[in-house]
Amino acid sequence: DWGRLECAFDTLGRTVEVAIPWGLIVGDPSSRAVLDDRDGTTEIETTPTTGIGLLAWATTAACFRPDSLGPAVAGARPPGPGEVFLLGPEGSIQASGGQELTISTPLVASYSWSPWEEPITRERVKRSADWVQRAFEGMEAREASRSQKVDANRP
């Protein structure tokens, strides 16, 4: 289980907000490399990217599951160009060749970030620090007394 995709609709049902865990997309944020599970390999590779875009797609082709990028039944044909429908930013382009479907979106509709050699961080005490401290107070003493009892029972 790599994470969970979370969706929320606005009160009018016109907007969908999708939260995707960063670790499901980005393999190496310092070099702007995204996860890329290439066919024919057992490893999950990373590929440099100029940005991340979001598209939704649907197909009317038979033998597809909603959560699948390929046919769910062995030997099923891939969807034809008229059987795939995209929902994406204006200027998105769909091209198919053979068994491959390529979709590209304009760079202005993508999220991008600057690569880095050393992350920019700032130390701070989180609001929950006091609560965590209180929860763990005295734990060391309880743990020590338990191990002393175990040691006392040894021959």
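**A walk through the predicted chain**

Let's start with a small detail: a polar atom in the side chain of Thr-49 sits 2.8 Å from the backbone oxygen of Gly-51. That is a polar contact, meaning a pair of N or O atoms within 3.5 Å, where, within protein, one must be able to donate a hydrogen and the other to accept it, and residues adjacent in sequence count only if both atoms are side-chain atoms. Before going further, please keep in mind that this is a predicted model, in which local features need pLDDT of at least 70, side-chain atom pairs count only at pLDDT 80 or more, and totals for chains, interfaces and linings use all residues. Residues are numbered from 1 along each chain as its sequence is written, and side-chain values use heavy atoms, with hydrogens and water left out.

Thr-49 itself belongs to the loop between β5 and β6. Its relative accessible area is 19%, so Thr-49 is buried; the cut-offs are under 20% for buried, over 50% for exposed and partly exposed in between, using a 1.4 Å probe and protein chains only. Leaving aside residues up to four places away in sequence, Thr-49 touches Arg-32 and Val-34, where a contact means heavy atoms within 4.5 Å.

Now step into strand β5, which covers residues 45–48 and includes Glu-45. Strands here are DSSP runs of E with at least two residues, while helices are runs of H or I with at least four, all numbered from the N terminus. Glu-45 counts as buried because its relative accessibility is 15%. Its side chain makes a polar contact of 2.7 Å with the side chain of Thr-41. Beyond residues up to four places away in sequence, Glu-45 touches Val-34, Leu-35, Asp-36, Asp-37 and Arg-38.

Where does β5 fit in the order of its sheet? Three strands make an open, antiparallel sheet in the order β3-β4-β5. β3 (26–28) and β5 are the edge strands, each pairing on one side only. From one strand to the next, the twist averages 50 degrees, with axes being lines fitted to C-alpha atoms (for helices over the stretch in contact) and angles running from 0 to 180 degrees between N-to-C directions. Four bridges link β5 to β4 (residues 33–36) in the antiparallel sense; two strands pair if DSSP finds at least two bridges between them. Ala-33, for example, has Pro-48 in β5 as its bridge partner.

Moving on along the chain, we reach Ala-58 in strand β6 (residues 56–59). With a relative accessibility of 40%, Ala-58 counts as partly exposed. Ala-58 and Leu-86 are 28 residues apart in sequence, yet their C-alpha atoms are 6.6 Å apart in space. Again setting aside residues up to four places away, Ala-58 touches Glu-83, Val-84 and Phe-85.

Finally, let's look at the whole chain. It has two helices and nine strands, following the pattern β-β-β-β-β-β-β-β-β-α-α along the sequence. Of its 155 residues, 8% are buried. Among contacts between residues at least 6 apart in sequence, 32% join residues at least 24 apart.

How confident is the prediction? The average pLDDT, the predictor's confidence in each residue from 0 to 100, is 75 for the chain, and 74% of the residues score at least 70. Among the elements, β5 has the highest mean pLDDT (89) and helix α2 (residues 139–152) the lowest (56). Where pLDDT is low, the predicted coordinates should not be read in detail.
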